[in-house]
Amino acid sequence: MIATRSSEALLQVSGLSVHFATRRPWFRSPPPPVRAVHDVSFEVASREIVGLVGESGSGKSTLARAILRLIEATSGSVRFDGVELLGLEGRSLNDMRRGMQVIFQDPFASLNPRMTAGQNIAEGLVLQGQDASAIRAAVADLLQQVGLPGDAANRYPHEFSGGQRQRIGIARALAVHPRLIVADEPVSALDMSIQAQILNLLLDKQEQRGLALLFIGHDLSVIRHFCDRVMVLYLGSIVESGPTEEVFSNPRHPYTRALIDAAPVAHPARRRARSALSGDPPSRISTAAGCAFRSRCAHAIDACSAATPPLRQVTADHLAACIRDGIA
Amino acid sequence: MTTELAAAELAASGPGVSEPVLSLRDLAVEFAIPGKAFRAVDGVTLDVFRGRTVALVGESGSGKSVTIQSVMRLLKSPARIAAGEILFRGRDGRRRDLARLDEREMRAIRGNDIGLIFQEPMTSLNPLLKVGVQIAQAIRLHRPVSAREAKSEAVQLLRQVEIGDAAERAAQYPHQLSGGMRQRVMIAMALACRPMLLLADEPTTALDVTVQAQILRLLRSLQEQLGMGVLFVTHNLGVVAEIADEVAVMYGGQIVESAPVENLFDRPLHPYTRALLASLPDADAPHRPQRRLAVMPGQVVDPRHMPPGCRFEPRCALAIGACRASPPAIARAAAARTVRCSRWSDA
């Protein structure tokens, strides 16, 4: 458990699991559920930028959706500003949700194509029952804040480029004055020259409004630039977490090491004859004991299949779930 | 591109190989939409030599994928080759202009002299056939071998692309394989006829980084073994740094800069290349990087609404009046380097 910073935590996730039942085959006992997210605990302090990195199938988007109550968690606890969100319903859930907004990867799919950019941005304000002139003023202000022209309010999402649509998505999230934004791969679908624009915009808003950010991504270079702390997710569990620079310069889990080594270099002179990790991530259906990474790990020993390794402290704020020392 | 340098290097390795396997000369591809026709590719010239990898890098709408589709003659109406030559030297040593071949002649070259791999292997593999059968079919389409020989060659090819338990994998269907494994099968199929040229259209974009690293390493080692030329299309400069010998940077349907890969990353000349490299987060910087990234303003140019002068001018920090007035000529900045900018030396 990570319980070192609870006094200042804005978001407190503990023991969160999301299991999906798989279909029961004819005349056979039901297979074990898919453990998309399993026993995940972490905290995000206010004004903090926390990165969540993992490959496809690692459960990073499922985790984000469970925190936002877009899907239901199987067990565990999610506290936002001290209030338990799991089990909250109706009006009180909506009130809490205002404090946490989400930006999705695909700005093409996350805006309503039948509503103008202005209506998309204003939706949260309309639900709050604000009056029309206040909303109009707020939308104009938001458009300016995200670097879009004022006449953008009356145009429809398809009239914008990908980067502009992501700006609309950000304005929409900012509209209700959240304290936490979950950004799920916010730049992965954008062109190279647009990514930096959107990342800097997010950073500006984070600083100006004192936002906390949970930044989900698979691009390590972006995560390293952006985040105060980083968590590495493998097959639904956190295998390493800590201050970004420490995790990058001194990774303690072999999977983190492999991710860092697999990232493309920034200059051809730095090409390395690296030991690329072999194999693809295995299926999550296996519930056998032991380290989930051991099938791909070059350092696995017999003890790795005996029990699932717990997160151990490397330094005060740096944790890794590996029983071996000094290998990564 | 980079004709002199590559030619000099290859001349040392013996006669007959110093000719490029592929030469594009002023290639133009037009989308012939009545009243709204535009050129998605406009004046592309480049050379690919055997044993070398040329990366064609660009953002959406830059024309990089259209370029590769026109080499394979896979353009669909309303896109058509409007001008230029696609000179290809096949296994028989003859040089042909692919832009002028008919579909029957093209079919003999596609998959035979030229292999192709795509971004999404699942859409290019037949879901109803075992992968070994599909590879064997590709072999028999171009070579008179027995079904049994083709089948054992297929297993051999799967081994060559480093698939473990190749014989068992050959008997599996595409859906039983992981994404990385499917891309390996695609590569095996593309290599079935020992092509002179491999066209790769974002082959690692849909893959996770760890699998991407495996596939890039595999492509490099296969190229060394087989000596084929590779034209590699990508939007990712990190992938370029990993795989390319030479780079052509595309913007708005044109190559704006071409150079040997080390030179490009050491000293980019075109303002677009420079701004792009400056805006990328550096994954392996020795120290904690600056949080704020350098930003290139504006939007990616829309090929339907090209500016009259330099296509990068609206976003360029160095632009002057002349840049708006007329398109810049291609300057030869060094022996193996070209740059489509009139101000590259002023920066």
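**Exercise 1. Locate R194(B) in the predicted model, and determine what is unusual about its phi and whether it is buried, partly exposed or exposed.**

*Solution.*
Step 1. In this predicted model, R194(B) sits in the loop that runs between α8 (179-191) and β7 (197-201) of chain B.
Step 2. The phi of R194(B) is positive, about 50°, although the residue is not a glycine.
Step 3. A residue is buried when 20 or more other C-beta atoms lie within 10 Å of its own, and exposed when 12 or fewer do. R194(B) has 13 other C-beta atoms within 10 Å, and therefore counts as partly exposed.

**Exercise 2. Carry out the corresponding analysis for D81(A): where does it lie, and is it buried, partly exposed or exposed?**

*Solution.*
Step 1. D81(A) belongs to the loop between β4 (75-80) and β5 (83-84) of chain A.
Step 2. Its phi is near 55°, which is a positive value in a residue other than glycine.
Step 3. Because 15 other C-beta atoms lie within 10 Å, D81(A) is partly exposed.

**Exercise 3. Describe how chain B is divided into domains and characterise the side of domain 1 that touches domain 2.**

*Solution.*
Step 1. Domain 1 of chain B consists of 3-113 + 193-281 + 302-346, and domain 2 consists of 119-192.
Step 2. A distance of 28 Å separates the C-alpha centres of the two domains.
Step 3. Domain 1 of chain B contributes 18 residues to the contact, and domain 2 of chain B contributes 16 residues.
Step 4. On the domain 1 side, β7 and α9 (209-226) of chain B are the elements that give two or more residues. The largest share, six residues, comes from α9(B).
Step 5. Sorted by class, this side of domain 1 has 11 nonpolar, four polar and three charged residues.

**Exercise 4. Determine how α8(B) and α9(B) are oriented to each other, and which residues meet.**

*Solution.*
Step 1. Two packed helices are described by the angle between their axes and the distance between the axes.
Step 2. For α8(B) and α9(B), the axes come within 10 Å and cross at roughly 15°.
Step 3. Angles under 35 degrees count as roughly parallel. The helices α8(B) and α9(B) are therefore roughly parallel to each other.
Step 4. The crossing in which α8(B) passes α9(B) is right-handed.
Step 5. From α8(B), the residues G179(B), G180(B), Q183(B), I187(B) and L191(B) take part. Their partners in α9(B) are V211(B), Q214(B), I215(B), L218(B), L222(B) and L226(B).
Step 6. The contact residues divide into seven nonpolar, four polar and no charged.

**Exercise 5. Analyse the contact of chain A with chain B, beginning with the number of residues on each side.**

*Solution.*
Step 1. Chain A gives 36 residues to the contact and chain B gives 40 residues.
Step 2. On the chain A side, the elements that give two or more residues are α6 (192-209), α7 (220-226) and α9 (254-262).
Step 3. Of the chain A elements, α6(A) gives the most, with eight residues.
Step 4. The chain A side divides into 19 nonpolar, 10 polar and seven charged residues.

**Exercise 6. Determine how α9(A) packs against α9(B).**

*Solution.*
Step 1. The axes of α9(A) and α9(B) are 8 Å apart, and the helices pack at an angle of about 50°.
Step 2. The helices α9(A) and α9(B) are therefore oblique to each other.
Step 3. The crossing in which α9(A) passes α9(B) is left-handed.
Step 4. A258(A), L259(A) and A262(A) in α9(A) meet V209(B), T210(B), Q212(B) and A213(B) in α9(B).
Step 5. By class, the residues of this contact are five nonpolar, two polar and no charged.

**Exercise 7. Establish how many residues of α1 (residues 60-67) of chain A are buried, and what follows the helix.**

*Solution.*
Step 1. Seven of the eight residues of α1(A) are buried, and the helix is mostly covered.
Step 2. The buried residues are K60(A), S61(A), T62(A), L63(A), A64(A), A66(A) and I67(A).
Step 3. Just after α1(A), R69(A) has a positive phi of about 60°.

**Exercise 8. Identify the peptide bond type between S77(B) and P78(B), and place P78(B) in chain B.**

*Solution.*
Step 1. S77(B) and P78(B) are joined by a cis peptide bond, with omega about 10°.
Step 2. P78(B) lies in the loop between α2 (64-71) and β4 (79-89) of chain B.

Conventions. Residues are numbered from 1 along each chain as its sequence is written. Chains are lettered from A and ligands numbered from 1 in the order in which they are written. This is a predicted model: local features need pLDDT of at least 70, side-chain atom pairs count only at pLDDT 80 or more; totals for chains, interfaces and linings use all residues. Helices (H or I, at least four residues) and strands (E, at least two) are DSSP runs, numbered from the N terminus. Domain bounds come from an automatic or database domain assignment. Two residues are in contact if their C-beta atoms, placed from the backbone, lie within 7 Å. Ala, Val, Leu, Ile, Met, Phe, Trp, Tyr, Cys and Pro count as nonpolar, Asp, Glu, Lys and Arg as charged, and the others, Gly among them, as polar. Axes are lines fitted to C-alpha atoms, for helices over the stretch in contact, and angles run from 0 to 180 degrees between N-to-C directions. Angles under 35 degrees count as roughly parallel, over 145 as roughly antiparallel, 65 to 115 as roughly perpendicular and the rest as oblique. A crossing is left-handed if the near helix is turned anticlockwise from the far one by less than a right angle, and right-handed if clockwise.
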